[in-house]
2 protein chains.
Amino acid sequence: MNIGILGLGLIGGSLGLDLRSQGHYVLGVSRRESTCHRAVALGCVDEASVDMNLLAVAEVVFICTPLAHIMPTFEQLIAHLPFTTVVTDVGSVKAPIVKEISPLWNNFIGGHPMAGRTDSGIEAAIPNLFFQKPYVLTPVATTPIRAITVVEEIVRQLGATIYNSSPEEHDRAVSWISHLPVMVSASLIAACISETEPNVLPLAQKLASTGFRDTSRVGGGNPELGVMMARYNRSYLLRSLLHYRHNLDEFINLIEQEDWVALQEKLELNQQERPRFTGQLPEL
Amino acid sequence: MNIGILGLGLIGGSLGLDLRSQGHYVLGVSRRESTCHRAVALGCVDEASVDMNLLAVAEVVFICTPLAHIMPTFEQLIAHLPFTTVVTDVGSVKAPIVKEISPLWNNFIGGHPMAGRTDSGIEAAIPNLFFQKPYVLTPVATTPIRAITVVEEIVRQLGATIYNSSPEEHDRAVSWISHLPVMVSASLIAACISETEPNVLPLAQKLASTGFRDTSRVGGGNPELGVMMARYNRSYLLRSLLHYRHNLDEFINLIEQEDWVALQEKLELNQQERPRFTGQLPEL
């Protein structure tokens with residue numbers, strides 16, 4: 001099959017490596033000439049160009065640009081495609097994208113591979129990035145069966161675990177387990193550096209160990225990524241943040257009231273339920 | 001030197017292994033006969049007993065019981081000791097312990113080795129547990145120089161990095177980097193499991209990845225430990241929690257107001273400052 005990849009970074013490049021190894025013919029488009037050369041040299045694509053017209057012969061196109069570029073890129077892209085081309089994207093927020101693209105392109109299905117890594121760019125591309133990772137597809141009522149089937153089959157070949165959900169359920173779920181942790185963790189760092197007692201902050205920095213390191217990791221990560229999550233998943237993230245604040249207040253109240261029995265019970269429930277999120281226990 | 005260890009768990013047992021390898025004669029006391037036998041068999045102590053009188057010949061005694069048992073244990077212990085014996089403890093909160101013990105025992109100096117591990121008990125004891133780890137000592141104005149010198153010398157032999165602070169500064173510092181992260185992380189789990197939409201929680205559990213795993217780790221840990229931190233460091237922890245809530249509200253407000261420039265700046269400051277806590281940049 002001829003498969004197009006628009007945006008040759010970590011995700012686009014890694015996707016190309018896997019698709020080529022399965023015998024597909026992969027056409028890549030990047031805004032930069034130098035990225036096109038590297039993508040071919042690294043074996044991520046068979047051909048690459050800065051001209052979107054290269055994708056006119058693709059049967060399926062994966063849009064793998066950063067979230068903020070998906071819509072503007074898509075609008076340029078469709079001028080080059082026959083109506084039959086199936087288009088999908090890999091953006092980490094789905095409802096706003098699906099809402100905007102669906103009326104413009106019938107053969108579209110939103111997707112989100114959960115395969116992030118710290119490194120980015122075509123040089124970070126690796127084989128089997130998606131193997132045994134969740135890959136969410138978000139078809140809607142108007143999505144043609146053929147578009148769903150074609151994309152599902154390709155994703156299955158990557159070895160990913162496919163989950164189907166509505167765009168809204170996807171965004172609400174990732175607001176809990178991906179976007180909320182970033183803001184929770186960011187607030188931790190911001191609070192610690194607000195300490196003004198001159199001896200305490202340096203001592204805290206010296207004594208910080210794995211507990212602080214893990215809890216603060218995603219809050220000290222890529223700022224652009226954090227802003228993008230907040231922009232594109234704003235309403236579900238705010239909803240999760242308000243629920244979070246309510247739960248935080250409950251912990252604060254229990255400690256203020258010295259209700260150690262109730263605090264113990266809440267921490268026991270946490271200890272029991274966390275493994276359902278980390279694959280150590282079945283989900284409910 | 002004859003050194004006594006009261007409480008033969010991970011910390012007491014590991015301490016004994018190192019002290020014996022440096023040629024000290026180590027006397028261990030545990031409440032359980034079976035633990036005494038294991039401690040001798042594992043080479044953690046030279047002699048062990050359930051009778052505190054064994055420690056009468058020790059020049060220095062380390063109290064290595066859980067936090068809640070330090071005071072009651074200490075009160076029994078001193079009936080067996082000559083006034084010259086130097087006593088120290090390894091509790092993770094210092095102000096309440098130092099405040100209670102200092103008037104009762106002149107030769108006391110509080111200590112806190114930052115060398116926690118997930119495993120506990122004598123079977124988890126390992127050599128070099130304290131090597132290149134922070135070890136805080138909290139002498140006060142009335143602590144005799146000799147008591148400070150003796151304990152410092154032993155801690156130095158463990159290869160630990162010694163920090164001196166007041167008990168209060170210690171407790172305030174650990175409230176930020178050790179106790180606050182537990183409650184922040186616990187509130188995250190509690191908030192996520194409060195989701196009531198039937199499709200969303202199972203999907204969130206399936207999609208949760210390293211971001212959720214790291215941010216939720218300490219909040220899903222040992223409930224007794226969490227309660228103990230809150231009980232013994234209650235006022236500093238509450239102070240840190242209120243600062244944290246203030247910072248959380250700032251993030252919520254920026255997202256509500258769609259002030260992406262200010263959000264980006266805050267996340268950039270986090271990215272810049274976090275390495276000062278993780279040893280990748282010098283502290284301020």
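This report walks through the domains of chain A, the contact between chains A and B, and the helices packed against α6(B).

## Model and confidence

The structure is a predicted model. For chain A, the mean pLDDT is 96, with 99% of the residues at 70 or more. The model as a whole comes with an ipTM of 0.93 and a pTM of 0.93.

## Two domains in chain A

Let's start within one chain. The domain assignment splits chain A into domain 1, covering 2-165, and domain 2, covering 169-276. Between the C-alpha centres of these two domains of chain A there are 33 Å.

Where the domains touch, domain 1 of chain A contributes eleven residues and domain 2 of chain A contributes seven. On the domain 1 side, α4 (95-101) and β7 (134-138) of chain A each provide at least two of the touching residues. That side of domain 1 is made up of six nonpolar, four polar and one charged residues.

## Where the chains meet

Now for the contact between the chains: 84 residues of chain B and 84 residues of chain A take part. On the chain B side, the elements giving two or more residues are β7 (134-138), α6 (167-192), α7 (200-207), α8 (210-216), α9 (223-232), α10 (234-256) and α11 (260-273).

Which of these elements gives the largest share of the chain B side? That is α6(B), with 19 residues. By class, the chain B side that touches chain A holds 44 nonpolar, 22 polar and 18 charged residues.

## α6(B) and its partner in chain B

With α6(B) in view, a good place to look next is α10(B). The axes of α6(B) and α10(B) come within 9 Å of each other and cross at roughly 60°, which makes the two helices oblique. Their crossing is right-handed.

From α6(B), the residues that meet α10(B) are Asp171(B), Arg172(B), Ser175(B), Trp176(B), His179(B), Leu180(B), Met183(B) and Val184(B). Facing them from α10(B) are Tyr236(B), Leu237(B), Arg239(B), Ser240(B), Leu241(B) and Tyr244(B). The residues of this contact divide into eight nonpolar, three polar and three charged.

## α6(B) and α7(A)

Helix α6(B) also meets helices from chain A, including α7(A), residues 200-207. The axes of α7(A) and α6(B) come within 8 Å and cross at roughly 55°, so α7(A) is oblique to α6(B). The crossing of α7(A) with α6(B) is right-handed.

On the chain A side, Val200(A), Leu203(A), Ala204(A) and Leu207(A) make the contact. They meet Glu169(B), Arg172(B), Ala173(B), Val174(B), Trp176(B) and Ile177(B) of α6(B). What classes of residue build the contact of α7(A) with α6(B)? It has eight nonpolar, no polar and two charged residues. Arg172(B) and Trp176(B) appear in this contact, and Arg172(B) and Trp176(B) also meet α10(B).

## α6(B) and α11(A)

Another chain A helix, α11(A), residues 260-273, packs on α6(B) at an angle of about 70°, with the axes 10 Å apart. The two helices are therefore roughly perpendicular, because angles of 65 to 115 degrees count as such. Is the crossing left-handed or right-handed? α11(A) passes α6(B) in a left-handed crossing.

Here Lys266(A), Leu267(A), Asn270(A) and Glu273(A) of α11(A) touch Ala186(B), Ile189(B) and Ala190(B) of α6(B). The contact of α11(A) with α6(B) comprises four nonpolar, one polar and two charged residues.

How values were computed: Residues are numbered from 1 along each chain as its sequence is written. Chains are lettered from A and ligands numbered from 1 in the order in which they are written. This is a predicted model: local features need pLDDT of at least 70, side-chain atom pairs count only at pLDDT 80 or more; totals for chains, interfaces and linings use all residues. Domain bounds come from an automatic or database domain assignment. Two residues are in contact if their C-beta atoms, placed from the backbone, lie within 7 Å. Helices (H or I, at least four residues) and strands (E, at least two) are DSSP runs, numbered from the N terminus. Ala, Val, Leu, Ile, Met, Phe, Trp, Tyr, Cys and Pro count as nonpolar, Asp, Glu, Lys and Arg as charged, and the others, Gly among them, as polar. pLDDT is the predictor's confidence in each residue, from 0 to 100. Axes are lines fitted to C-alpha atoms, for helices over the stretch in contact, and angles run from 0 to 180 degrees between N-to-C directions. Angles under 35 degrees count as roughly parallel, over 145 as roughly antiparallel, 65 to 115 as roughly perpendicular and the rest as oblique. A crossing is left-handed if the near helix is turned anticlockwise from the far one by less than a right angle, and right-handed if clockwise.
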